[in-house]
Amino acid sequence: MRAPVSLDAHIGKGVRTLCKVVDISIHGARLQTYSALAKGSLIWLTLPGVGSVVAEVKWADDYAAGCQFQQPLEIDVFEGLVQLNR
């Protein structure tokens, strides 16, 4: 189950860069980024109210990317992120 969202997030551990989560599921997210990401790379995605989650970039096209979380989000965490947009 995917849900459209518009969440400001960060990528990175030390030096972080802004991105926008445009849809999310318990298994991953689609991002709009301000710098290109490489397919197959691991990222630390900081989600609002959740903190950092590790994800693998599954596809990347210019300044958009899809990532798969190493650990699926708990359903209540997922629902809380979706509710931030209502």
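These notebook entries record what I looked up in the structure.

**Entry 1. Overall chain**

I note at the outset that the model is predicted. I began with the secondary structure of the protein chain and found one helix and six strands. Along the sequence I read the pattern β-β-β-β-β-β-α.

I then looked up the dimensions. The C-alpha atoms fill a box of roughly 30 × 20 × 20 Å along the principal axes. For the radius of gyration I have 12 Å, and a compact globule with 86 residues would have a value near 12 Å, so the chain agrees with that expectation.

For the surface I recorded an accessible area of about 5100 Å², and carbon and sulfur atoms account for 52% of this area. Of the 86 residues, 37% count as buried. I also looked up the sequence range of the contacts: among those between residues at least 6 apart in sequence, 43% join residues at least 24 apart.

**Entry 2. The barrel**

I asked in which order the strands close into a barrel. The six strands follow the order β1-β2-β3-β6-β5-β4, with antiparallel pairing. From one strand to the next, the twist averages 45 degrees.

I recall that strands of a sheet pair through backbone hydrogen bonds, either parallel or antiparallel.

**Entry 3. Strands β1, β2 and β3**

I followed the pairing from strand β1, residues 3-11, to strand β2, residues 17-24, and found the two antiparallel and joined by seven bridges. Within this pair, Asp8 has Lys20 of β2 as its bridge partner, and His10 stands opposite Leu18 in β2. The hairpin of β1 and β2 has five residues between the strands, and in this hairpin Gly12 takes a positive phi near 120 degrees.

I continued to strand β3, residues 28-33, which pairs with β2 in the antiparallel sense over five bridges. Lys20 appears again here, with Gln32 of β3 as its bridge partner. I thus have Lys20 paired with Asp8 and with Gln32. The hairpin from β2 to β3 passes through three residues.

**Entry 4. The other pairing of β1 and its two faces**

I looked up how β1 meets β4 and found two bridges, with the strands antiparallel. Ile11 of this region stands opposite Leu45 in β4.

I next asked which residues of β1 form the covered face. Ala3, Val5, Leu7, Ala9 and Ile11 form this face, whereas Pro4, Ser6, Asp8 and His10 form the uncovered one. I recall that in a regular strand the side chains alternate between the two faces of the sheet. Two residues from the pairing entries, Asp8 and His10, belong to the uncovered face, and Ile11 belongs to the covered one.

**Entry 5. Helix α1 and Ile75**

I looked up the placement of the helix. α1 lies across β1, β2 and β4, the last being residues 42-47, and runs at about 95 degrees to β1. The helix comprises residues 75-83, and Ile75 is found in it.

I asked whether Ile75 is exposed, buried or in between. The relative accessible area of Ile75 is 45%, so this residue counts as partly exposed. I also took the separation of Ile75 from Gly14: these residues are 61 apart along the chain, and their C-alpha atoms are separated by 28 Å.

**Entry 6. Ser25**

I placed Ser25 in the loop between β2 and β3. I asked why Ser25 counts as buried. Its relative accessibility is 7%, and the limit for buried is under 20%, so Ser25 counts as buried.

I then listed its surroundings. Leaving aside residues up to four places away in sequence, Ser25 touches Met1, Arg2, Phe69, Leu73 and Phe78. A polar atom of the Ser25 side chain lies 3.1 Å from the backbone nitrogen of His27.

**Entry 7. Ala64**

I closed with Ala64, which I located in strand β6, residues 64-69. At 25% relative accessibility, Ala64 counts as partly exposed.

I asked what separates the C-alpha atoms of Ala64 and Leu31. The distance is 5.5 Å, although the two residues are 33 apart along the chain. Leu31 is also one of the residues that Ala64 touches, together with Thr33 and Trp59, not counting residues up to four places away in sequence.

Key: Residues numbered from 1 in each chain as written. Predicted model: local features only at pLDDT ≥ 70, side-chain atom pairs only at ≥ 80, totals over all residues. Heavy atoms only, no water. Pairing = 2+ DSSP bridges. Helix = DSSP H or I, 4+ residues; strand = E, 2+ residues; numbered from the N terminus. Buried < 20%, exposed > 50% of the residue type's maximum accessible area, 1.4 Å probe, protein only. Axes fitted to C-alpha atoms, helices over the stretch in contact; angles between N-to-C directions. Contact = heavy atoms within 4.5 Å. Polar contact = N/O pair within 3.5 Å; in protein donor to acceptor, adjacent residues only side chain to side chain. Rg over C-alpha atoms; globule rule 2.2 N^0.38 Å. Areas by Shrake-Rupley, 256 points an atom, 1.4 Å probe, with all protein chains shown as cover.
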